[in-house]
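Visitor: Please take one part of this model and examine it closely. I should then like to see how it relates to what surrounds it and to the fold as a whole.

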Amino acid sequence: MKIGNLELSGKTILAPLAGITNLPFRIMAKECGCALVCSEMVSAKGIVYNSEKTLNLLDSKEEEKPLSVQIFGSCPDSMQKAALFIQEQGKADIIDINFGCSVKKVVKTGAGVALMKDFENAKNVLTAVRSAIELPLTIKIRSGWDSSGFQAFKIAEIAERCGVNGIVLHPRTAGQGFKGKADWSLIARLKEKVSIPVIGNGDIQNAEQGLLMLKETGCDAIMIGRAALKNPFIFSQIQALVEKRKCNEVSADDMFNVMKKLVKYYSEYYDDKHASRMLRGRLAWFIKGLPGAGIFRKKLSQINSCAQAIELIQEFSESTVSRGYSVLS
Ligand SMILES: Cc1cc2nc3c(=O)[nH]c(=O)nc-3n(C[C@H](O)[C@H](O)[C@H](O)COP(=O)(O)O)c2cc1C
């Protein structure tokens, strides 16, 4: 599977998740077998105006590579400048443009999913970015503003003509947000319409469903978001199924080890207080459904340091083992 000239080692891609797919999370996903990780969406204007907070989102490390950095905006000039900056600073292996964000604050500026109904500006943005960078360029789109898929197909056609190297489709409408079901049949139809790689996304909850999306839609790779928050091993599990190997179950120990790793990566990247605040929510996802998870979550909400997080994981793992819980379903 190639996106432009970039060869991917597998079929699974970590979705961009604002506030979540930061550097520590991406390194963890990569270690769990993900073939391509994506940054959270980064404001093109923020880059152009040198906002420190925005530029921090571009931090990356060699061990997470290849990395796709997603930018959002609606002004062709700032999108071009931002993409060029990312390329010149060696921050990314792929640049992705957000055509899917349906948050009001973003849509009202003409960015995100607003670009899906402004074909002219979509073309201007893509032409501006494409002409400035050599890096592979992808776009991440929704179905559009209605469920027919018309806008997705139209934007895909424009993108292909502009020299875009791949399209991620999350087949929900702008109005759906994350409600209802992703309509995978649109991924299959898009695959028939374009000759560049199509990456399917939406509602993959486990490894079997990942394989199913690949088979049902014929897409070239799959992108996983929310399921990776509960089970980061989903990437290696899917790849095993793709290669017709056994899909290993995730043991409780695997999960506790990956939680400890995530704490370590957070502690290396953020200061202790900030890291522990962020981890309060993050760590709770992994143990959803395990006996005693409620108590763990409550204690987690009070941690003030990474050392406390590690202690708590240890305490929880011992109590889980003592209850004979070894494999997560
Ligand atoms: C908390 C959250 C943050 C998200 N942030 C972004 C983002 O920054 N850029 C983007 O293109 N999509 C974003 N999405 C959408 C996801 O990338 C993905 O398309 C969606 O969650 C469907 O995939 P899933 O069912 O595998 O989660 C976000 C979704 C969630 C739940």
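**A helix contact and its setting**

Guide: In this predicted model, residues W184, I187, A188 and K191 of α8 meet M213, E216 and T217 of α9. By class, this contact holds four nonpolar residues, one polar and two charged. The charged pair consists of K191 and E216, and the polar residue is T217. Helix α8 covers residues 184-193 and helix α9 residues 207-217; their axes lie 8 Å apart and make an angle of about 45 degrees. The two helices are therefore oblique to one another, since that angle falls neither under 35 degrees nor within 65 to 115. The crossing of α8 and α9 is right-handed.

A second helix pair may be set beside this one. The axes of helix α12 (residues 252-269) and helix α13 (residues 272-286) come within 9 Å and cross at roughly 160 degrees. Because this angle is over 145 degrees, α12 runs roughly antiparallel to α13. The crossing of α12 and α13 is right-handed. On the α12 side the contact is formed by M255, M259, L262, V263, Y266 and S267, and on the α13 side by D272, A275, M278, L279, R282, L283 and F286. Ten of these would be expected in no other class than nonpolar: the tally is 10 nonpolar, one polar and two charged. S267 supplies the polar residue, while D272 and R282 are the charged ones.

Helix α12 also leads to the surroundings of helix α1. The buried residues of α1 pack against α12, and also against β3 (12-14), β4 (37-38), α10 (226-230) and α11. Helix α1 spans residues 23-31, and eight of its nine residues are buried, so the rest of the structure largely encloses it. The buried set comprises L23, P24, F25, R26, I27, M28, A29 and K30. Just after α1, G33 adopts a positive phi of about 100 degrees.

Positive phi values occur in residues other than glycine as well. K244, in the loop between α11 (234-242) and β12 (250-251), has a phi of about 60 degrees. K244 is exposed, because 6 other C-beta atoms lie within 10 Å, and the limit for exposure is 12 or fewer. N50 lies in the loop between α2 (44-48) and α3, and its phi is near 65 degrees. With 9 C-beta neighbours inside 10 Å, N50 likewise counts as exposed. Beyond α3 (52-56), the loop that leads to β6 (67-72) contains P66. The peptide bond from K65 to P66 is cis, with omega near 0 degrees.

The fold as a whole frames these details. The protein contains 15 helices and 13 strands. Its radius of gyration is 20 Å, close to the 20 Å given by the globule rule for 329 residues, so the protein is as compact as a globular protein of that length. The C-alpha trace spans about 60 × 45 × 35 Å along its principal axes. Of the 329 residues, 47% are buried. Among contacts between residues at least 6 apart in sequence, 68% join residues at least 24 apart.

Terms used. Residues numbered from 1 in each chain as written. Predicted model: local features only at pLDDT ≥ 70, side-chain atom pairs only at ≥ 80, totals over all residues. Helix = DSSP H or I, 4+ residues; strand = E, 2+ residues; numbered from the N terminus. Rg over C-alpha atoms; globule rule 2.2 N^0.38 Å. Buried ≥ 20, exposed ≤ 12 C-beta atoms within 10 Å, placed from the backbone. Contact = placed C-beta atoms within 7 Å. Axes fitted to C-alpha atoms, helices over the stretch in contact; angles between N-to-C directions. Left-handed = near helix turned anticlockwise from the far one by under 90°.
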